[in-house]
Amino acid sequence: LVEMTQKSRMTMGKRKQLLAEAQSELFAARMVEIAGVLNRFPRLLQQMIASHRKPAQLQLIGSEVSIDKIIAEKLYDPLLHLVRNAYDHGIETPEQRAAQGKSASGTLTIKVYHQGNRTRIEVSDDGQGLNWPKIRQRAIDMHLLDASHTPTEAELAEIMFAPGFSTAEKVNDLSGRGIGLDVVRDRIGALQGTIDVRSVAGKGTTFVMQFPLNLTTTRLMICESQGGVHALRSEAISQVLLPSADRIVSQSLESSQGKANFLRWGDDATQKLIPIYPLHSLLDYRCEVVAGEHRAAASLFPAKAKNSSTAMLLLEIDDRQICLEVDRILVEQELVVKSLGQTFGLTNYIQGYSVLGDGSLTLALDPVELIARVHQSTITTQSIPAKLPTLLPSSQPALAPAIDSSLPDEVASTLNALNDRTSAQPGRQMQVLVVDDSLVQRQSLARSLTKAGCQVIQASHGREGILRLQEHPRIRLVVCDIEMPQMNGFEFLSYCRKDPKFSQIPIVMLTTRGGQKHRDLAMTLGAKNYLTKPQSDRDLLDIIATLNQPSEVGV
């Protein structure tokens, strides 16, 4: 029996080695040098210099770095947008640079390198930096920020990625072209990447993008918490800990009931307290989690080790640290992470799902987003300089939307009249269908329309929009994009005008296409109005109020 066991282990070891080699060769075959993407930009920059007479030079660092072929194929457009923005908004004129003691020629830099199991791409310039006061004023004008609030630079940087946000006075052929950084973030997010911005006044701006080395598999730590099995991306986990009981400190929360736990970390001279959060308390699941059966033999760490607390994962991103408490750690392995698509309105920390070795499914979580979730909502303890989240219950009943008091009187009065007519029965607000392939754009429009008292139904393309119209016969208005997969806006508009059931529903086209030929085609096909992104919420609501006068709404 012992001999058979040894032979079996040797056979399994050889198979694992062969699989690892095959996987490594497969990954290598999927990798291409990023030079194929970067080498297109020197000529582009020369064309911009010839057209706009503003001297600049381009530095390409890390052209030999290899990245996943899928990322390389879809990276050009986001980089193009950032390079155009850097040249237009970042680099000053020769006269302005001379006045600041800079060389007459500006410098744009694209730097690519590997960090851990991530690929980092930095697009930077040595220009004037971001104009934070101008960004703040534009955010106030777009009703993204309250005029009484004084935001931090980090908050303003996040606002820059809001749908339709742009500080350009007018659309031009150099940067933006009416499209904001939200499009860049969407496309990077579709590649499982992230983007951040750093800026120093007078010295320049840097956009930092991060991507996984490959999109096929991800190294995940499989954990169990409160009976549920979760998979966390391993690269953000600094250490796995089984701390003794004397390293755990409890502290009462200020102006709150209950206590919070902290981990003593470091030597006596440099000791600090790191907040501890049970993993299940950070996950905002709206349904019951069904516990599965998992063999204890498969666990790396038992649920209760002798003389110790439960297992903990130390997460460390930049200067932020937290500990996640789990019941036990099952295994760490390379797994394929599959997308859940846009059918569900998922939170940022859910990357997708993966299939475990026993055939069961688990959600793949991003610890970086979990840390961001913790730091977005914080309170301060009495005697310990640490921040803790205030996690509000997610099961509170939804309230009926109220009309925004900042809207013009004539718009608000019309929307109030419409809602009075449609709310004779509970939950019967005016229904508006938003058809757009950008999840961020749909959610932004949904927030604006819900704030105005409308009930919003969403669709990601024309075919889904038709299904929503069939499912919701009380839809009284459609806001539709043009460029979408499966069925574009023009095809959707043409279909609705030919179908007697939908032909009387007003359709407003909302798109980045500002050309007259697109506008003329839309109006010929029966669109009631045509708006270009970035749109003003007031303009959109004014159009809704005009198109849906009470006499036209047959509710």
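Here are some short exercises, each with a worked solution, on the predicted model shown above.

**Exercise 1. Get your bearings: how many helices and strands does the protein chain have, and what share of its residues count as buried?**

Start with the secondary structure: the chain has 17 helices and 25 strands. Next, look at burial. Of the chain's 555 residues, 44% count as buried. Finally, check how far along the sequence contacts reach. Take the contacts between residues at least 6 apart in sequence: 65% of them join residues at least 24 apart.

**Exercise 2. Find helix α15 and work out which of its residues are buried and what they pack against.**

Go to residues 489-498, which make up α15. The buried ones here are Gly489, Phe490, Phe492, Leu493, Ser494 and Cys496. Now look around them. Their packing partners are two helices, α14 (462-471) and α16 (516-525), along with the strands β21 (431-435), β23 (475-480) and β24 (507-511). Before moving on, zoom in on the start of the helix: there, a side-chain oxygen of Asn488 comes to within 3.1 Å of the backbone nitrogen of Phe490.

**Exercise 3. Take Gly489 and decide: is it buried or exposed?**

First, place it: Gly489 sits in helix α15. Then check its relative accessible area, which is 0%; buried means under 20%, so Gly489 is buried. What surrounds it? Setting aside neighbours within four places in sequence, Gly489 touches Cys480, Asp481, Ile482, Met484 and Met509. You can also trace a link to a residue further back: Asp436 is 53 residues away along the chain, yet its C-alpha atom is 8.8 Å from that of Gly489.

**Exercise 4. Describe how α15 and α16 lie relative to each other.**

Begin with the axes, which come within 9 Å and cross at roughly 20°. Angles under 35 degrees count as roughly parallel, so α15 and α16 are roughly parallel to each other. The crossing is left-handed. Now find the residues that meet: α15 brings Phe490, Leu493, Ser494 and Arg497, while α16 brings His518, Leu521, Ala522 and Leu525. Sorted by class, that contact has five nonpolar, two polar and one charged residues. Does the spacing on a helix make sense to you? An α-helix has 3.6 residues a turn, so residues three or four places apart point the same way.

**Exercise 5. Do the same for α3 and α5: what is their angle, and which residues make the contact?**

Locate α3 at residues 41-52 and α5 at residues 76-90. They pack at an angle of about 35°, and their axes are 12 Å apart. This crossing is right-handed. From α3, the contact uses Phe41, Leu44, Leu45, Met48, Ile49 and His52. From α5, it uses Tyr76, Leu79, Leu80, Val83, Arg84 and Tyr87. By class, you get 10 nonpolar, one polar and one charged residues.

**Exercise 6. Look at two arginines, Arg120 and Arg53: which counts as buried and which as exposed?**

Arg120 is in strand β5 (residues 118-125). Its relative accessibility is 11%, so Arg120 counts as buried. The side chain of Arg120 makes a polar contact of 2.7 Å with the side chain of Tyr113. Other residues in contact with Arg120 include Lys111, Val112, Arg198 and Met209.

Arg53 lies in the loop between α3 and β2 (56-61). At 69% relative accessibility, Arg53 counts as exposed. One last detail: the phi of Arg53 is near 55°, a positive value in a residue other than glycine.

Note on methods
Residues are numbered from 1 along each chain as its sequence is written. This is a predicted model: local features need pLDDT of at least 70, side-chain atom pairs count only at pLDDT 80 or more; totals for chains, interfaces and linings use all residues. Side-chain values use heavy atoms; hydrogens and water are left out. Buried means under 20% relative accessible area, exposed over 50%, partly exposed in between (1.4 Å probe, protein chains only). Helices (H or I, at least four residues) and strands (E, at least two) are DSSP runs, numbered from the N terminus. Contact means heavy atoms within 4.5 Å. A polar contact is a pair of N or O atoms within 3.5 Å; within protein, one must be able to donate a hydrogen and the other to accept it, and residues adjacent in sequence count only if both atoms are side-chain atoms. Axes are lines fitted to C-alpha atoms, for helices over the stretch in contact, and angles run from 0 to 180 degrees between N-to-C directions. Angles under 35 degrees count as roughly parallel, over 145 as roughly antiparallel, 65 to 115 as roughly perpendicular and the rest as oblique. A crossing is left-handed if the near helix is turned anticlockwise from the far one by less than a right angle, and right-handed if clockwise. Ala, Val, Leu, Ile, Met, Phe, Trp, Tyr, Cys and Pro count as nonpolar, Asp, Glu, Lys and Arg as charged, and the others, Gly among them, as polar.
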